[in-house]
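The following paragraphs lead through a protein model, beginning with its interior and moving outward to its sheets, helices and loops. The reader may wish to keep the structure in view throughout.

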Amino acid sequence: MEMIWEKLWAGLATITTLILALPFFHSYLPNLVDYHILKFASKLFRFLNPYVEIKFPDDHGRRHFKSSDLDTVINAYLREACFTDDGACSQDFAHLRATPSYDGADVDFIMNDGEEVIIVHEGVKFWWSSHKNPPKGTCIYKYSVPEDSRYYRLIYHRRHDVFARNNYIKHVLTEGNAILDGQRKLKLFTNVRSDSRSGHCAYWSRVPFNHRTTFDMLAMDKEKKREIKQDLECFSQGQEYYESVGKPWKRGYLLYGPPGTGKSTMIAAMANFLKYDVYDLELTSVKDNTTLRQLLIETKRKSIVVIEDIDCTLQDLCIKRKKTGSEKNEDEEKTTKATIDKDDKEESKVTLSGLLNFIDGVWSSCGGERILVFTTNHKEKLDPALLRRGRMDMHIKMSYCRFEGFQMLAKNYLGIDTHRSFSEIKNLLDSVEITAADLVESLMPKSGSIKQLEEEDRNREGWRLMPKSASEISDHFINSCLDNLIKFLEEKRKSMSEKKSVDGASGCNGEITDGFKPTN
Ligand SMILES: Nc1ncnc2c1ncn2[C@@H]1O[C@H](COP(=O)(O)OP(=O)(O)OP(=O)(O)O)[C@@H](O)[C@H]1O
């Protein structure tokens with residue numbers, strides 16, 4: 001009420017002044033009368049208006065389905081301020097708006113457009129309201145402004161300007177971020193190429209991220225794991241440091257090693273450890289560098305952008321370009337022109353330099369707290385420019401599984417710390433190269449083996465077809481799994497020694513890994 005009265009008085013004073021001043025301006029400046037009157041009126045209004053207004057717009061409507069960071073943070077802050085824990089309104093709203101909840105599985109409510117909420121912070125009143133932008137029909141950066149783009153408006157008294165800017169807005173952001181961090185359910189985003197008619201070249205599609213892997217479940221050298229966790233922790237707490245040295249708050253990790261050694265599993269462990277969303281970027285379905293830039297600008301804070309099998313991706317892009325750019329005679333060109341035109345529309349034109357640009361340039365300057373992860377089975381095939389420090393800050397080698405890794409898997413899948421077969425398995429693991437994926441496969445119940453075990457265990461108390469957890473697994477099942485594993489490892493050792501002798505006979509040096517020797 002207080003604000004409405006003050007506004008009314010200010011408006012009344014402006015109108016009176018305008019009426020009194022009109023004849024004067026009109027007789028002396030007939031041609032510019034409208035312009036000057038309006039200018040004068042707005043100056044007068046500004047002088048008389050004791051309130052400051054700040055708009056917090058969403059991101060120019062560039063986003064396909066989600067609002068900007070700032071918008072989301074304010075949303076969270078206001079929701080907390082206006083609604084109780086059980087969802088009831090603590091303010092007197094006539095109109096509410098439903099929005100998707102953080103995990104997309106529910107709806108949350110927020111005040112609707114035009115509704116106003118008053119929040120008193122440290123004795124100072126702040127008026128918040130939500131508004132809808134009128135349809136403009138204009139195009140910003142190739143994407144038209146969607147009709148439902150919204151903004152939040154904050155109004156406060158001019159005398160609290162310093163307090164509002166230095167204190168209150170920071171408080172809103174801190175509170176909003178804390179709420180989001182507490183409530184955040186992780187999401188997995190994948191890029192989708194949309195058809196050109198919709199006006200968007202690409203957008204992120206999201207699903208809840210339900211990968212439960214943690215670092216504890218990861219079969220890997222303990223010291224290496226500790227190092228990675230420490231590095232991630234340092235990064236996530238390093239905002240001040242990055243700001244003080246003037247570096248963008250981002251970090252790159254290269255995960256390399258043979259297939260099945262846990263590169264994707266490591267990414268899930270990283271996301272769960274830091275509570276960051278994962279953006280799985282499929283480069284070959286990105287139309288061009290501009291679209292790549294648009295997609296990356298749309299990633300949010302606290303996220304891991306992943307490009308899997310980067311060597312194959314870059315190779316694919318290269319081959320396609322060579323194919324369309326190769327020299328052809330005129331006839332051939334004519335006959336294939338239509339095909340190429342069609343292909344051009346479908347094939348990616350993303351270049352290595354576009355990718356490097358995004359790592360160093362555009363993306364690094366568009367906000368912080370982002371991790372970039374590349375995975376590859378062939379590190380040696382990658383361009384050194386991609387691998388240098390500053391782009392890929394930490395190179396993590398994922399190796400074949402050793403006994404220590406096996407122990408972690410046995411604990412996780414069978415619930416055991418030790419077993420009489422462990423020493424035999426240790427000896428075998430010292431002489432074969434086996435991935436964690438292969439070991440996991442041997443430690444999991446299979447339909448055939450379960451049937452067989454069920455037959456044997458028909459009268460055994462407590463046996464289930466599929467154990468609900470590791471603690472329910474019977475000794476019989478454990479023994480059978482480990483026996484099968486020993487058989488599998490023995491076969492593997494045999495086939496490896498046969499291969500070695502064939503390679504030796506044909507003059508090969510017997511190196512069977514492509515540069516990835518097992519470590520410890
Ligand atoms: N180090 C590990 N610790 C625990 N489980 C693992 C590990 N490595 C692999 N696994 C298991 O093997 C499966 C496949 O592993 P993952 O997809 O992470 O391997 P990858 O190295 O990414 O393979 P690719 O290079 O073929 O993509 C996972 O679902 C997981 O169950």
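In the largest nonpolar core, which has 58 residues, the members that touch the most others are Ile-267, Ala-271, Tyr-279, Ile-304, Val-306, Val-373 and Cys-401. Helix 7 (residues 263-274) supplies the largest share of this core, namely 6 residues. The core also draws at least three residues from each of domain 2 (188-324 + 344-397) and domain 3 (403-505). It should be kept in mind that this model is predicted.

Tyr-279 offers a useful point of entry to the core. Leaving aside residues up to four places away in sequence, Tyr-279 touches Phe-189, Trp-204, Thr-299, Ser-303, Ile-304, Val-305 and Val-306. Elsewhere, a second, separate core of 10 residues includes Val-73, Ile-74, Tyr-77 and Cys-82.

As an overall account, the protein has 18 helices and 15 strands. Of its 520 residues, 22% are buried. Among contacts with a separation of 6 or more, 73% involve residues 24 or more positions apart.

Seven of the strands may be considered together. They form an open sheet of 7 strands in the order 10-9-12-13-14-11-15, and the pairing is mixed. Strand 10 (202-208) and strand 15 (394-397) stand at the edges; each has a single partner strand, so one side of each lacks a neighbour in the sheet. From one strand to the next, the twist averages 25°.

Individual pairings can now be followed through this sheet. Strand 11 (residues 250-256) runs parallel to strand 15, and 4 bridges join the two. Within this pairing, Leu-254 has His-395 of strand 15 as its bridge partner. Helix 7 packs on the sheet, where it touches strand 11, strand 12 (277-280), strand 13 (303-307) and strand 14 (370-376). The direction of helix 7 makes about 170° with that of strand 13. Helix 7 is thus met twice, since it also gives the largest share of the largest core.

Strand 12 pairs with strand 9 (residues 187-193) in the parallel sense over 3 bridges. Here Phe-189 is bridged to Tyr-279 of strand 12, and Phe-189 is also among the residues that Tyr-279 touches. Strand 12 is joined to strand 13 as well, by 4 bridges, and these two strands run parallel. In that pairing Asp-280 stands opposite Val-306 of strand 13. Val-306 is one of the core residues that touch the most other members.

A second sheet has a different arrangement. What is the strand order of the open sheet of 4 strands? The order is 1-8-5-4, and the pairing is antiparallel. Strand 1 (51-57) and strand 4 occupy the edges with a single partner strand each, so one side of each is left without a neighbour in the sheet. The twist here averages 25° from one strand to the next. Strand 1 pairs with strand 8 (residues 150-157) in the antiparallel sense over 7 bridges, and the bridge partner of Val-52 in strand 8 is Tyr-156.

Helix 11 (residues 352-360) illustrates how burial can be distributed around a helix. Its buried residues are Leu-355, Phe-358 and Ile-359. Viewed down the axis of helix 11, these residues fall within an arc of 100°, so they line one face of the helix. An α-helix has 3.6 residues a turn, so residues three or four places apart point the same way.

Two loop residues merit attention for their backbone geometry. Most residues other than glycine have a negative phi. Glu-122, although not a glycine, has a positive phi of about 45°. Glu-122 lies in the loop between strand 4 (116-121) and strand 5 (124-132), and it counts as exposed because it has 9 C-beta neighbours inside 10 Å. Lys-302, likewise not a glycine, has a positive phi of about 55°. Lys-302 lies in the loop between helix 8 (289-297) and strand 13. Is Lys-302 buried or exposed? With 21 C-beta neighbours inside 10 Å, Lys-302 counts as buried.

A final stop is Cys-312, which is found in helix 9 (residues 310-325). Cys-312 is partly exposed, with 15 other C-beta atoms within 10 Å. The C-alpha atoms of Cys-312 and Thr-284 are separated by 9.9 Å, and the two residues are 28 residues apart along the chain.

Methods. Residues numbered from 1 in each chain as written. Predicted model: local features only at pLDDT ≥ 70, side-chain atom pairs only at ≥ 80, totals over all residues. Core = buried A, V, L, I, M, F, W, Y, C linked by C-beta atoms within 7 Å. Buried ≥ 20, exposed ≤ 12 C-beta atoms within 10 Å, placed from the backbone. Domains from an automatic or database assignment. Contact = placed C-beta atoms within 7 Å. Pairing = 2+ DSSP bridges. Axes fitted to C-alpha atoms, helices over the stretch in contact; angles between N-to-C directions. Arc of directions from axis to C-beta.
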